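The paragraphs below walk through one protein model, moving from a single side chain to the overall fold and back to individual residues. Please keep the sequence and the structure in view while reading.

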Amino acid sequence: MAEKTNQTKENNGELNTPDFLNHDFFEKVLQNDEGDKALKIYKLEIILASKPGEHIASIMFKAIIDYISRGRKVTGRRLIVKTTPVEEGLRKDLLKEHPFFDREIEMYTKVLPEMKKIMKSIGDDEEMWGKIVYCCDDPAVIILDDVTMSGYSMDNHLQNFDDTMTILKMLAKFHAISFYMNDNKYAHKLDLTKYEAVLSEDLIKNFQVFFEGFEALKEQVDKWPGYEKVSKTLIDLNTKFPERLTKVFKSNSDFSILCHGDFHVRNMMFIKNGKSIEKTVLLDYQLSFWGSQAIDIIYTFYTIADDEALARRDELLFNYHVYFCEYLTRLGCLKKPPSLLDLNKEILDNGAIDLFMGICCLPLFRMDYSKTDLTAFADPTRDGVTAVRRMAYSEAKTVKMLKRVLPELVHKGILY
């Protein structure tokens with residue numbers, strides 16, 4: 001029997017390794033992956049791959065495995081394992097009601113392979129996602145090769161203009177391929193339009209702790225001289241916001257695409273050349289759905305771009321549009337893409353995402369997480385999350401950003 005160690009020793013039961021993640025399970029996974037029924041594991045180590053509360057819809061582990069296959073000794077193969085919360089609580093209830101894992105399994109086994117095939121057909125060999133090794137819906141688990149072994153690493157810092165633009169080009173390509181696929185259903189049998197947004201008004205109301213922050217922000221804004229108009233607009237947002245946000249996720253147009261749905265810097269890994277991004281892989285497709293380009297783009301503005309890049313959001317959008325259209329031309333897409341004017345209108349029409357990202361999310365992405373207890377999000381309560389938000393909204397760099405962003409949202413007619 002293989003030696004097994006387990007370093008998930010936190011007190012929270014959510015972080016204990018599920019019983020099924022054992023020697024026999026991983027041996028079968030690797031036997032199938034290597035095509036070798038005689039493969040034997042002689043060492044297995046399982047450690048946490050994320051901090052408590054970092055991922056709402058899953059728990060992530062890293063399996064480090066030594067094994068022998070066909071007389072070849074393999075040491076230190078690393079796999080990323082995503083599975084569902086096992087402890088009773090808000091997160092487990094969330095997953096009972098919504099098909100996050102089913103959606104991601106379909107993305108990795110059907111949609112992304114078809115996208116890769118299309119890319120290869122025009123000579124594009126860019127690797128934009130990792131390799132899936134195993135998936136199952138009972139127990140719910142997805143196993144991926146750990147791309148750190150290929151030199152990728154996380155960089156949770158917000159990115160400068162050039163690196164944000166590099167990431168937006170990848171997004172434009174992802175969007176363009178799905179736009180092309182939908183226009184060529186006779187050749188690509190996948191119906192991407194069947195992937196509806198998981199987000200609904202009921203979900204927002206039931207799990208509103210993730211979709212608020214307006215009262216905590218108002219407490220902060222009330223301390224700023226000259227921001228009385230902004231403060232006044234925040235009063236009724238808790239009641240108005242669920243319906244407004246739901247409309248965005250239900251919106252469709254002739255220019256709809258496959259949204260990643262959770263497009264932020266912590267769902268990416270990078271290879272860098274010096275300080276510049278050279279390669280990017282995109283992770284986590286649990287929220288992918290057919291909808292507006294505006295959603296992923298606005299995510300980029302607030303959860304990837306640093307202050308300087310966000311101040312140049314019109315320029316980022318212009319370059320995204322250029323690359324989106326260029327890649328469609330490269331694919332030979334016959335359907336006319338949206339004009340830049342169409343895209344700007346789409347951004348304004350879906351302004352509730354600006355509110356969600358600019359108010360509910362932006363401060364959290366600018367926090368110093370070394371000083372923050374993320375367990376408030378592991379089993380979220382309103383008081384716990386509000387305390388984190390108050391801390392986030394009071395940080396000097398966040399205050400500076402909000403003082404610029406909030407009036408812009410008022411002037412665009414989005415913050416009302």
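Is Ser288 buried or exposed? In this predicted model, Ser288 has a relative accessible area of 0%, so the residue counts as buried. Ser288 is located in the loop between strand 9 and strand 10, and a polar atom of its side chain lies 3.1 Å from the backbone oxygen of His260. Once the neighbours within four places in sequence are set aside, the residues in contact with Ser288 are Arg103, Met107, Tyr195, Cys259 and His260, so that His260 appears both in this contact list and as the residue whose backbone oxygen faces the serine side chain at 3.1 Å.

It helps to place this residue within the whole. The secondary structure of the protein amounts to 16 helices and ten strands, and 56% of its 416 residues count as buried. Among the contacts with a separation of 6 or more, 74% are between residues 24 or more positions apart. The protein exposes about 18,600 Å², of which carbon and sulfur atoms supply 50%.

The strands offer a convenient route inward. Strand 3 (residues 59-69) and strand 4 (residues 72-83) pair in the antiparallel sense over ten bridges. The two form a hairpin with two residues between them, and in the turn Arg70 has a positive phi of about 55°. Strand 4 also pairs with strand 6, again in the antiparallel sense, over five bridges. Lys82 in strand 4 can be followed in both directions, for Met60 stands opposite Lys82, while in strand 6 the bridge partner of Lys82 is Ile142. As a general point, side chains in a regular strand alternate between the two faces of the sheet.

What, then, does the side chain of Lys82 meet in helix 3? Lys82 and Glu104 meet in a salt bridge, at 2.9 Å from N to O. Because Glu104 belongs to helix 3 and Lys82 to strand 4, this pair ties together parts that are 22 residues apart in sequence. Both ends are buried: Glu104 has a relative accessible area of 0%, and Lys82 counts as buried at 3% relative accessibility. Lys82 also forms a salt bridge with Asp284, the closest N and O atoms being 3.4 Å apart. Since Asp284 lies in the loop between strand 9 (276-282) and strand 10 (289-291), whereas Lys82 lies in strand 4, this second pair ties together parts that are 202 residues apart in sequence. Asp284, at 11% relative accessibility, likewise counts as buried. The loop that holds Asp284 is the one in which Ser288 is found.

A further salt bridge involves strand 3, where Lys62 pairs with Asp146, with their closest N and O atoms 3.3 Å apart. Asp146 sits in the loop between strand 6 (140-145) and helix 4 (161-183), and Lys62 in strand 3, so the pair ties together parts that are 84 residues apart in sequence. Asp146 and Lys62 are both buried. How many salt bridges are there by the rule applied here? The count comes to 24.

Helix 3, which spans residues 100-121, also contains Lys116. With a relative accessibility of 13%, Lys116 counts as buried, because the cut-off for that class is under 20%. Its side chain makes a polar contact with the side chain of Glu127, at 3.5 Å. Apart from neighbours within four places in sequence, Lys116 is in contact with Asp125, Glu126, Glu127 and Trp129, so Glu127 is named both among these contacts and as the polar partner of the lysine side chain.

One last residue lies in another helix. Asn238 is found in helix 8 (residues 237-250), and at 17% relative accessibility Asn238 counts as buried. The C-alpha atoms of Asn238 and Glu212 are separated by 6.5 Å, although these residues are 26 residues apart along the chain.

Conventions:
Residues numbered from 1 in each chain as written. Predicted model: local features only at pLDDT ≥ 70, side-chain atom pairs only at ≥ 80, totals over all residues. Heavy atoms only, no water. Helix = DSSP H or I, 4+ residues; strand = E, 2+ residues; numbered from the N terminus. Buried < 20%, exposed > 50% of the residue type's maximum accessible area, 1.4 Å probe, protein only. Polar contact = N/O pair within 3.5 Å; in protein donor to acceptor, adjacent residues only side chain to side chain. Contact = heavy atoms within 4.5 Å. Salt bridge = Lys/Arg side-chain N within 4 Å of Asp/Glu carboxyl O. Areas by Shrake-Rupley, 256 points an atom, 1.4 Å probe, with all protein chains shown as cover. Pairing = 2+ DSSP bridges.
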